[in-house]
Structures are given as C-alpha cells and as structure tokens.
Amino acid sequence: MDQGPDEAGQLYLGIETSCDETAVGLVSSGRNVEGEAVASSAGKQDRYGGIVPEVAAREHVAVLPGLVAAVLQQAHRQPQEIAAIGVTTGPGLFGALLVGMTAAKALAVAWGRPLVAVHHLEAHLYANALTGPIVFPSLALLVSGGHTGLWLWRGHGDLVRIGETLDDAAGEALDKGARLLGLGYPGGPAIERLALTAQGPGPRLPIGHIRGGSPYDMSFSGLKTALRQILDRDPTPDAARYALSLQEAVVDAVVERVELALDAFSARAVYAAGGVAANRALQERLHAVARKHGIGAFVPEPRYCTDNGVMVALAAHYGFSAGIRLSLEAGPRTPWPLGSARV
Ligand code: AMP
Ligand code: MG
C-alpha cells in the first residue's frame, strides 16, 4: 500500500532530465534539502552550438544512476524511507524525459514506492517553498532559457495562465544577445557581469509590444535584431553598455507585465523562478514593484533558479498530497501547457 507523506517522514526524491541537466534532489517536510546532485552535458554540447537531444539523453543514461546513489548517501537515507519518487514528465526533450521517467519507474518498482508526475515549470515555481511557506493567491513568474510566462497561482495544482512570451524566452534573448557581443553560453550571467562594469547607460532597445494581443504577453525576438542593427553601425562598440541595454530591455519587459498583473489580480506574493530570476537587476525591480503593492517578492537561491532535482522533489511533495500519481504506462508529456487558460 502507498504510504502517505506523514508515515514516511515526508521524504521525497526528485528526478529531473528534461533538458541538458541531469539532477536529483531529496527533500523532507516540503522544505528541508537533504541531498542534491546536478550534472550538465552543456560542456559536451558546446561544439554543436546548441543542445543536441540525443547527446542530452545519452548523458542522462550515463550519469543518473550515480547521482541517485550519491544523493541517498549524502542524506544517509534508505530507499524505504522515501514517501514517493517525483519525476519530470514534461515539457522538455522527449528522449531526455524518457530516460528520467524510465529510471524513476524502475526505482519505484524495485523499491515499492509510488510515483508522482511533475510538470517542469510548476517544479520551478515550487523552488520557492525553500524561501518560506507558499501563500495563495500569488503571482508566479517564470523566466528561463526555454519558457517565460506569468500565472495566477491560486492553490496547489491550481494555476491560471495570465501571459506568456509569443516567441523567444527571456533567457534565450539574453543568450542570443550575448553571442552577438562575443560572450559565451550561458549568456545571462555573462551579460549581468558585463553590465555591472558599464560606465554609463546604453541605448534603449525596443521592447516588443504585441498589437491587438494580451497586454500580459511578451515578445523578445526583436531585441536580437535591434542589437545587431546597432552593432552593425558601431565600429567600436562599448560591449558593457550594450550588455546593460539588453539586460534593461528584458527586465523592463518582464517587470512591466508583473506590475500590470498586480494591478489587475489580487496576489499576496510574487514568486519568481527560472534561470533569469537569478539576475540581480531583475530581483531588485521585482522587490520594488511588490513593495509598492504591499507584498513581498520571492526568488530562490541561484542554484534553485536553474534546473535542479530539489524543485522536482518539492513539487512531488505537494503533488503527492494532492493525489497526483504517475502510472507505469505513461510516457513523456510534451508539449504540456501549465495551468488552465484565462477566461
Ligand atoms: P533555465 O532555462 O531555467 O535552466 O535557465 C537558463 C537561462 O537562464 C539561460 O538563458 C541563462 O542565460 C539565464 N541566466 C542564468 N543566470 C542568469 C543571470 N544571472 N542573469 C540573467 N540570466 C541568467
Ligand atoms: Mg528549466
């Protein structure tokens, strides 16, 4: 019989393999990190200039078993103490997801533990459980390399989509801009470091507004073109100023939508997540808008902003309590929109 979280000390294992990070986390009581391990195939992907799904999947196969063993050892825990195993089932790279799910199923059968299906984006948001108890309703902002959007978070498993990017993700815009400035991947941290050294403001880059669309939607694909046009006309570009311009354009676009959403919907907190949430300039602006609305803005520590196994374990904790399970017959679910559409 399935043991509930209480009987098993509320210990959850999380497995994440949706993209190029293989990650495992072990969390108790929905907030205590007992073990964690992350391995990235980014180094092996470098020579291809992007993520090759097959390379990602092969790396997951090679490193995942070792990471699971390492995390249990770190925590001095036995498989029998685990209440359930959470695994990212989508969205992401199909073959990469399949490796994590197959491993999770094998462990579940071998250990006799239940499985919990975890939505990758929802897991990112749950990283905020490490910042304190999550309150509802709240505004959830996801800004990562693959996704960017805003949700009204009304309760566990109850999200309503407010707005999304219609083209590139915020992190993707920073990564592409960074490449134009001759910076390596990932571009976001490099842009942030370089922007800090700018001796003055850079030119204003246009923020995409979607004509006739939802005021909460975003568009970042024009930024790269705008930056390229400016660079083409500038024989001695001041890269630091342009890095600042790019960062400000992305931060402005995101914060503007957050502010609009806070004016329109009642929220008791703002929760940010995803790799770009590690950006200090964005964090400062989020804190400022939230403060203006009399609430707090929360951002996980940088290593819990990017892909990690801890966030999957946290999502599994809350998902398991809400009755979510994963059947042994289920395959990866991608694409998989998060939350219900706004009416
Ligand atoms: P994720 O897709 O959530 O794994 O996050 C990766 C994305 O976050 C990449 O596009 C990075 O460039 C971006 N990123 C990571 N750290 C920062 C930072 N400090 N500032 C801005 N972007 C960042
Ligand atoms: Mg991610």
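**Notebook: where domain 1 meets domain 2**

I began with hydrogen-bond-like pairs and counted 9 residue pairs in polar contact between domain 1 and domain 2, both residues at pLDDT 80 or more. A polar contact here is a pair of N or O atoms within 3.5 Å, where one must be able to donate a hydrogen and the other to accept it, and residues adjacent in sequence count only if both atoms are side-chain atoms.

A note to myself: this is a predicted model, with local features needing pLDDT of at least 70, side-chain atom pairs counting only at pLDDT 80 or more, and totals for chains, interfaces and linings using all residues. Residues are numbered from 1 along each chain as its sequence is written, chains are lettered from A and ligands numbered from 1 in the order written, and side-chain values use heavy atoms, without hydrogens and water.

Next I looked up the bounds, which come from an automatic or database domain assignment: domain 1 is 11-128 + 304-321 and domain 2 is 136-302. I then noted that the contact (heavy atoms within 4.5 Å) takes 12 residues from domain 1 and 21 residues from domain 2. Their centres, taken over C-alpha atoms, lie 27 Å apart.

How much area is buried between domain 1 and domain 2? I found about 1500 Å², with 69% from carbon and sulfur atoms; this is the accessible area (1.4 Å probe) that the two parts lose on being put together, summed over both. On the domain 1 side, Leu125, Asn128 and Cys305 supply 43% of the area buried against domain 2, more than any other three residues.
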